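Me: I'm new to reading protein models. Could you take me through one part of this one closely, and then show me what else is going on in the chain?

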Amino acid sequence: MNISILGCGRWASFHAWYAHHIGHNVTVWGRKNSANLQTLMATHKNEYLTLPEDIHFTDDLATALHFADTVIISISSQQLRDLAQQINKTGIYQNKTFVLCMKGIEISTGKRLSEVLAEELTGSFDIGVWVGPGHVQDFLQGIPNCMVVSALNNSVSKKIIDIFSSDLIRFYYSRDLIGTEIGAAAKNVVGIAAGMLDGMHYTSLKGALMARGTYELSNLIKALGGNGMTVYGLSHLGDYEATLFSPYSNNRRFGEDFVQHKPFHKLAEGVFTMQALLRLAEKYRVELPICATINEIVINHKEPKQELLNLFMRPLKAE
């Protein structure tokens, strides 16, 4: 099939490599003047991988959309609405399948990414979400993992899985799009908290963090109309190893570097997600103590050690 990847960062370049690896034709789109795109066009390489010579690159969105049967989007979550508006202006998206390989919640509205895309496009098209554990570095070494696809319609999920299944990635499908998207986005916030614990040498508290993180997110998902048990699947709890423990995790590294007063120059989506989740928590009257604590530390510049100890040493209550 013809697959277009919209985006040219770490995960976008991996999805280009992977789609080609399993036999599809691939075009990669990036914004004009994108440093990542210019590097890939010049060398077919970035710091993570080398892309085959027959993968095509373009900064023309219409060209990428014309080419594609299936469109993978992998960009910063807060840029999705702008890109969706650009896609809408082209008019070149009818009867295509869009796969959101990204995790986040729009800060300004608190909306899930599938909602953002659906709001900006009209007509006939499908939207699916592809999330779950895995690191580019591991996949490139041939280390397999399990991931999850979710959509409003199970037939869309199964169509996406049929296109992208291989021995490297074993897919499951989820019937709960709300829980899948919220869980996938929220695990990045928990990843920041885990990194802060690592940076303060309180790594043993990660067990409590994992237990409480899944619990508080399940309450939010239920309030939003999803299935509270979804957080215990691949989109959230299943991704904890890759996000809370791995040296490759940007969110964990951000948290660790933050409390150690080191500069961090890569994207940590959990910072944006934390703010969006707190808006949802206020709207739906749900407590999110972990998100609130990380917000106090990162946004309000409270002292990390005291805030985290306050989080875990809260007044006596039943589990």
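Reply: Let's start with a term: two residues are in contact, or touch, when heavy atoms of theirs lie within 4.5 Å. Keep in mind that this is a predicted model.

With that in hand, look at Ile163, which sits in helix 7 (residues 154-164). Leaving aside residues up to four places away in sequence, Ile163 touches Met1, Ile3, Ile22, His24 and Thr70. Take Ile22 from that list: Ile163 and Ile22 are 141 residues apart along the chain, yet their C-alpha atoms are separated by 9.2 Å. Is Ile163 buried or exposed? Its relative accessible area is 10%, and buried means under 20%, so Ile163 counts as buried.

Now for the sheet. It's an open one with 8 strands, running in the order 3-2-1-4-5-6-7-8, and the pairing is mixed. At the edges you'll find strand 3 (56-58) and strand 8 (169-174), each pairing on one side only. On average, neighbouring strands here are turned by 25° against each other, if you ignore direction. Zoom in on strand 3 and its partner: strand 2 (residues 25-29) pairs with strand 3 in the parallel sense, over 3 bridges. Within that pairing, Trp29 stands opposite Thr58 of strand 3.

Next, a pair of helices. Helix 8 and helix 9 pack at an angle of about 150°, and their axes are 10 Å apart. Angles over 145 degrees count as roughly antiparallel, so that's what we call these two. The crossing of helix 8 past helix 9 is right-handed. On the helix 8 side, the residues making the contact include Ile178, Gly179, Ala186 and Val190. Helix 9 brings in Leu209, Leu217 and Leu220, among others.

Both of those helices turn up again around helix 12 (residues 269-284): the cover over its buried residues includes helix 8 (177-199), helix 9 (206-224), helix 11 (250-259) and helix 13 (289-298). Which residues of helix 12 are buried? They are Glu269, Gly270, Val271, Thr273, Met274, Ala276, Leu277, Leu280 and Ala281. There's a handy rule for reading a list like that: an α-helix has 3.6 residues a turn, so residues three or four places apart point the same way.

You can check the length of helix 12 too. At 1.5 Å a residue, its 16 residues should span 22 Å, and its end C-alpha atoms are indeed 22 Å apart, so the two agree. Right after helix 12 comes Arg285, which has a positive phi, near 55°.

Terms used: Residues are numbered from 1 along each chain as its sequence is written. This is a predicted model: local features need pLDDT of at least 70, side-chain atom pairs count only at pLDDT 80 or more; totals for chains, interfaces and linings use all residues. Side-chain values use heavy atoms; hydrogens and water are left out. Two strands pair if DSSP finds at least two bridges between them. Helices (H or I, at least four residues) and strands (E, at least two) are DSSP runs, numbered from the N terminus. Axes are lines fitted to C-alpha atoms, for helices over the stretch in contact, and angles run from 0 to 180 degrees between N-to-C directions. The expected span of a helix is 1.5 Å times one less than its number of residues. Buried means under 20% relative accessible area, exposed over 50%, partly exposed in between (1.4 Å probe, protein chains only). Angles under 35 degrees count as roughly parallel, over 145 as roughly antiparallel, 65 to 115 as roughly perpendicular and the rest as oblique. A crossing is left-handed if the near helix is turned anticlockwise from the far one by less than a right angle, and right-handed if clockwise.
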